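Work through the exercises below with the sequence and the coordinates open side by side. Try each task before reading its solution.

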Amino acid sequence: MDRRRFLLAAAAAPFALREAPAAFAAAAPLAFVTADTEAHVAVVDLPAGTVRRRIETKPGPRSIERVGGVAVVAHTAVGAVSVLEGYEVRHALEGFEEPRYTAAARDGRHAFVTDSGRVELATVDVLRGEVVARLKLRLWPRHLSLSRDGRTLWVGLGTASPELAVVDVRDPRRPYLRGAVRPPFAAHDVGFAPSGRVWVTAGETPAIAVYDRGRVLTLTADAAPQHVTFLDGRAFVTSGDDGTLRVYEERTARLLRTTRVPVGSYNVQFAAGRVLTPSLNAGTLCVFDANGSERERVHVSASSHDACLARG
């Protein structure tokens, strides 16, 4: 994004680009949305469906994840990780090669960040803004999900991974590799549902695998790669290539409905009782209720890669 245009946009916003924590803690739920080609994170008012302000960041903000009271941003192309607190970049961490995605530890202080360039899982202390552990993995770690008890991470090893690494993270500063899971297809995304079941989506085939207490159920899906999140007893699965959002009853894996979304809507996340899916192609953020009905569609930027809750 041109710096002059960025500053003009910030000046036109109803609030200053940076404001006190007390102001940040009030009012309607907000989402952070990465503008990956314009070097900023947009702050979207979810009920109103409007962009409130834009936070300037390092180039290429790709993924973003809520971790305790902050948000962690991975800048894959420049090998950096940012920590946002309120509407400011509190920490900017170097020493990564290709940071991809983040999962929050249950303590709210540590974040697990995959680095496909270094083929590692890094633990970041988000309060101090430093890497406190690194674990070497196989292939190229990307998507990851934490078990409901906070003890285990499943980590996908590439866009179409023959296996998922199982990492013990009971002590976030001392993660260790426990083993691997081999899904019935090359995996892409992974998500632990509140029920404890694990949903694994495919990187190359129209399929989903659901792990339930030793059993594996394989479902038909739309075009790969798919991504998954959960809200109110439902699983939401996107296909960015087909431009669809599938809504399943999570307990039975029964398909409830399929909704159209802009092509390029890959990543999907729950936030404040809503489901969010940004589009790389359209630069939109689509907001859905727990039934899969679209409530808002906001144009955020030229390209939007990921979103998370800014505050509730």
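## Exercise 1: a sheet and its edges

Arg66 stands opposite Ala71 in β5. The model is a predicted one, in which local features need pLDDT of at least 70 and side-chain atom pairs count only at pLDDT 80 or more, while totals for chains, interfaces and linings use all residues. Residues are numbered from 1 along each chain as its sequence is written, and side-chain values use heavy atoms, with hydrogens and water left out.

Task. Starting from this pair, establish the order of the strands in the open sheet and say which strands stand at its edges.

Solution. Begin with the terms: strands are DSSP runs of E with at least two residues, numbered from the N terminus, and two strands pair if DSSP finds at least two bridges between them. β4 and β5 (residues 70-75) run antiparallel and are joined by six bridges. At the other end of the sequence of strands, β6 (residues 80-85) pairs with β7 over five bridges, again in the antiparallel sense. The sheet as a whole is open and has four strands in the order β4-β5-β6-β7, with antiparallel pairing. The edges are β4 (61-67) and β7 (88-93), each of which has a single partner strand, so that one side of each is left without a neighbour in the sheet. Neighbouring strands of this sheet are turned by 25° against each other on average, direction ignored, where axes are lines fitted to C-alpha atoms and angles run from 0 to 180 degrees between N-to-C directions.

## Exercise 2: a hairpin residue

Task. Determine which residue of β6 is the bridge partner of Ala92, and whether Ala92 is buried, partly exposed or exposed.

Solution. Ala92 is placed in strand β7, and the two strands β6 and β7 form a hairpin with two residues between them, Gly86 in the turn having a positive phi of about 60°. The bridge partner of Ala92 is Ser82. Contacts, meaning heavy atoms within 4.5 Å, are made by Ala92 with Lys58, Val81 and Ser82, residues up to four places away in sequence not being counted. For Val81, which is eleven residues from Ala92 along the chain, the C-alpha separation is 5.9 Å. Relative accessible area is judged with a 1.4 Å probe on protein chains only, with buried meaning under 20%, exposed over 50% and partly exposed in between. Ala92 has 47% relative accessibility and therefore counts as partly exposed.

## Exercise 3: two nonpolar cores

Task. Identify which elements give two or more residues to the largest nonpolar core, and list what Leu144 touches.

Solution. A nonpolar core is a set of buried Ala, Val, Leu, Ile, Met, Phe, Trp, Tyr and Cys residues joined through side-chain atoms within 4.5 Å. The largest one has 15 residues, of which Phe112, Leu121, Leu137, Leu144, Leu153, Val155 and Val167 touch the most other members. The elements that give two or more residues to this core are β8 (99-104), β12 (144-146), β13 (152-156) and β14 (164-168). Leu144, with residues up to four places away in sequence not counted, touches Tyr101, Thr102, Ala103, Phe112, Thr114, Leu121, Leu153, Trp154, Val155 and Val190. Apart from the largest core lies another of 14 residues, including Trp154, Leu164, Phe192 and Ala207.

## Exercise 4: charged pairs

Task. For the salt bridges Glu120 with Arg118 and Asp212 with Arg213, give the closest N and O distance and decide how accessible each partner is.

Solution. A salt bridge is a side-chain nitrogen of Lys or Arg within 4 Å of a carboxyl oxygen of Asp or Glu, and the structure holds 24 of them. In the pair of Glu120 and Arg118 the closest N and O atoms are 3.0 Å apart; Glu120 is buried at 8% relative accessibility, whereas Arg118 is partly exposed at 27%. In the pair of Asp212 and Arg213 the closest N and O atoms are 3.0 Å apart; Asp212 is buried, with a relative accessible area of 11%, while Arg213 is exposed at 70%. This second pair belongs to a network of salt bridges that links Arg197, Asp212, Arg213, Arg215 and Glu250.
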